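Work through the exercises below with the sequence and the model open. Each task is followed by a solution in steps.

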Amino acid sequence: MEFTVDYDAARRQAFGSAFEPLLTDRQVADELMGGKLTLRPHPVWEIPDQILWNEDPFGQSNWVAQLHMLRWLEPVRRIALSGDERAKGYWTAVCKSWISANPVANPKSPYAWGDMVDGIRAKIMVFALPMYQGEEHGWLTSAIIQHGQWLSDPANLGHSNHALHQHQGLLVCGLALGNREWISVATKRIGELFADNYDVQGVNAEGSIGYHKLNYQWWETAFRRFDVENIPRPRESRRLKLALEELAYATKPNLEFERIGDIDHGGPAGLKSPEIDYILSKGSLGSPPSENTKVYDAGYVFGRSGWGQFERDFSDELFYSISFGSAKRVHGHPDGGSITLHSAGHPWLVDTGKYAYVKDAMRSYCLSRKGHNIIQIEDRPYDPASVVRLKRYQLTPELDDFEFVDEGYQNVKLNRRVIYSRGGDFLVVIDTVRSPVPVTAHQRWHLDPGTQIEQTNLGFDLKRVGRSASIEWRGTSPKLEVVRGAVQPMDGWIATEWMKKEPTYVLSASRHGDHFRMVTVIGATGHEAGVEFKSLEVERPFTLVKVRSGKQDYVVEIGSQGAQLRMGQAGAGSAVRQQGTTLKGLVGLVQAELRSAKNLAPEAPEVYSPEYWGHLRTWIRGRENEREARLMGLERLLGIEAPKDKPSGDPRRLIAMVDLAGSDLTFEGRITGEALGIRREPLSVWSGSNNISPTYKMPRIDKLTEADFTDPKGAIWVRELGGLTLPIAVSRGAGDILSVRFHGAVDRTKTSLPLFQGLTSERLRGVSHAVIQDPTLDLDPTLRLGWYLGRKEIDLHQYIASSIEEIKAAVGAEHVLLSGSSGGGFAALQVGAYLGDCVILAINPQTSVTNYHAAAGQRAINESFDGRPPEDTRISAVSTYRQLDRVPPVVYVQNVLDTHHLEFHMKPFKQAINGRKDAAAEQVHFVDVDWGKGHKSASGELYEEFWKKATSLFA
């Protein structure tokens, strides 16, 4: 068969991670030609005068395979191509030596023609062809032909990434020698292999997060080979974009991949996508992934508290992973059901890792069930072909709930329930064991080596420098044991890098029987108070897990088909179930109170809207018999059908019902925030109701003239504007300044409304103050950031400005200082535009809602403006200040390492100010600070420092 060498094709294809020039090429080439070979991660090998090609100096198959790939010759080839004859001679001698020693029929090593090794070596030989252009090189062409023939034979193919390297080798052989058949076969095989190796969610089949990254890079290189030859990429190749998304979800807050399968270290550095840019910059660049928790059908759950968007530092967010699916994957482990946990800047529960591809006790430990955070059944073998099944799961803003079934132990059924509380930063793990005969089950937890432990009555406190976590058990107490660094048998280790390991604590909880369960709470939060497993109760068919996290109590109500979270100790939802009262059932109770009086309230629409609530509330205010009118309003609200996408009811309607019920029309606690599952106390002021905030112990007033300013606590001034309710905590203090505070993003999983963020600081300062909660949050109980946008009918920023003027007059202040951070800074800028005399302190603010991360901005626009953006000045301080008649004094504090806010918020605002034809630029004082990467909030001390700086502008 005649072949014509295409040197240009060889040059075009000489790319990829191992084949492109490096600054170290000359140094490495000189070392090789001087007799020193380093094949990482192995030690240096002294190259003999004559390589025999059967060497195995370290007893490592990985080293032998790398030797026969000849990839280590690449720096020499690149130096030779620059005209170095010595390098060319060395490359030629080594390659000829390999060819001579390793005929297909009788190679010196079984690895010489091993799958993957052969494909990589074929590329090495093809890329060297331009070195010999214009001279005889039949020996090299013959070797390439032999590799092409070998690789075209399906009997010689491996699988997964090994096959990919072989197919690429065949492709470049075909391109360099003009063999269309090889090109066609390689192209077809690559397309088929990709469809086989990547599912529709973009997940690679190899079972290791580290190999998911490597495979992404290898596959992208393979498709680039198509691109440069104008070969169309297969349709399925679009899944590679989803592969980048999966790698983003698999990255912990410390920028390392979770250790699942064969991986010790590594992260997404070197990859490029909006999500990965966001992660690597800790929120300064790119866009965050769209979900907090992602479930991949291939067997991975990645969940977290958030992405560092809402003033919780990116590095402090909680991350967890759960593995499931097949125990038999290329680089996977039998880790179905295993849990890892990273929080408050530290790893707590970890996987054992890869170690090395050797046959020894440590590698066996890494590949055993015992080496993972699972249930191990004593003296029972585990079926390596078993599949841990994800039976069901449910994701809500507050809870992630999963149930896994594992039947890998013969005649034993394991059920693992994992529930994550996003607000409480804790996991509930319920392991149930069923067997026809008694068995001993060990629940195992591998801790990171940097963790110290202290045993307690309920379990273990976990300690790191400045941080703590806990693992506690309730119910029938399991037997607790600790092991660290044992060798007979191997236990209590994790791999750290190739052939290296480190002892670590493994905590074990054990029980014996034929049907039992272990209920575990794992807490890892940033606050000093930590997490405490308070009690375990059964109210059939529900299990109540009561947990205290920080200063907040949580009740996780767990049923067979789902779980829900209640805040507070009582578990009010359970009480409501016992009373057997549904929302529809409440209608009868309300009608009984009305005593057959005709309902005169405005007719309710088929679908609830804030505008109807505003209309209804206005009607009630105008009635002489307020209590009766409220009952009529309740009947109307109860009669509105729940939308199909919200079977439990529109939460906005529930909030309206709580406000309407107050404290006197709750029907024995049936219409309260706790009973209806919303974190909101009543705000509307009604005669006959106890108008005292149970959270803040402050009176609620609807007229500012009713405020008792002799009381240092002040009052909550409640303003009703349409269907929104605006609460303002007001108090009179010393001096002539009224300090007005706006909040940024709110963690709704931890917070009940009303929320007066910064109230304690304002009280300590001693001046008159008004702390304002964003009423936009009532539009969706999961909305974290609303920018005080309100609703389309009313310009809330202007309305708040008029309210501040009233407060200023009531407390006798001469000056107004508006302050806020992030979204609160945006509100301060917008409200300040409507005030005649004020100073504004904006710390790391957004200046445009639409310039913020798209998902968060669009969500607020959807709630406030029904998805239709209003005039630009409602959502852009840039537009507002460009058009403003007079710019008030502003102190604008910007973290210069928060690239997103620097580029998309501060710079456009600064350009708008500098573009004005007046002295506005002198009014706005930009202060650059360095608080590290990402969107960070100021400490209390720094906030006070900037507040004092802002007050100096009144002069």
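Contact means heavy atoms within 4.5 Å. The model is predicted, so local features need pLDDT of at least 70 and side-chain atom pairs pLDDT 80 or more, while totals for chains, interfaces and linings use all residues. Residues are numbered from 1 along each chain as its sequence is written, and side-chain values use heavy atoms, with hydrogens and water left out.

**Exercise 1.** Determine whether His797 is buried or exposed, and list what His797 is in contact with beyond its neighbours within four places in sequence.

Solution.
- Step 1: His797 lies in helix 21, residues 796–811. Helices are DSSP runs of H or I with at least four residues, strands are runs of E with at least two, and both are numbered from the N terminus.
- Step 2: The relative accessible area of His797 is 2%, so His797 is buried (under 20%; exposed is over 50%, partly exposed in between, with a 1.4 Å probe and protein chains only).
- Step 3: With neighbours within four places set aside, the contacts of His797 are Trp787, Tyr788, Leu789, Phe826, Gln830, Val831, Tyr834 and Arg874.

**Exercise 2.** Classify the packing of helix 17 and helix 18 by angle.

Solution.
- Step 1: Axes are lines fitted to C-alpha atoms, for helices over the stretch in contact, and angles between N-to-C directions run from 0 to 180 degrees.
- Step 2: Helix 17 (626–638) and helix 18 (651–661) pack at about 165°, and their axes are 10 Å apart.
- Step 3: Helix 17 is therefore roughly antiparallel to helix 18 (over 145 degrees; under 35 is roughly parallel, 65 to 115 roughly perpendicular, the rest oblique).
- Step 4: Arg630, Gly633, Leu634, Leu637 and Leu638 of helix 17 meet Arg653, Ala656, Met657, Leu660 and Ala661 of helix 18.

**Exercise 3.** Do the same for helix 5 and helix 6.

Solution.
- Step 1: Helix 5 (85–101) packs on helix 6 (117–127) at about 140°, with axes 12 Å apart.
- Step 2: The two helices, 5 and 6, are therefore oblique to each other.
- Step 3: On helix 5 the contact uses Trp91, Cys95, Trp98 and Ile99; on helix 6, Arg121, Ile124 and Met125.

**Exercise 4.** Find the edge strands of the open sheet with the order 23-24-25-26.

Solution.
- Step 1: This open sheet has four strands with antiparallel pairing; two strands pair if DSSP finds at least two bridges between them.
- Step 2: Strand 23 (531–539) and strand 26 (562–567) each pair on one side only, as edge strands.
- Step 3: Strand 25 (552–559) is joined to strand 26 by six bridges, and Gly559 stands opposite Gly562 in strand 26.
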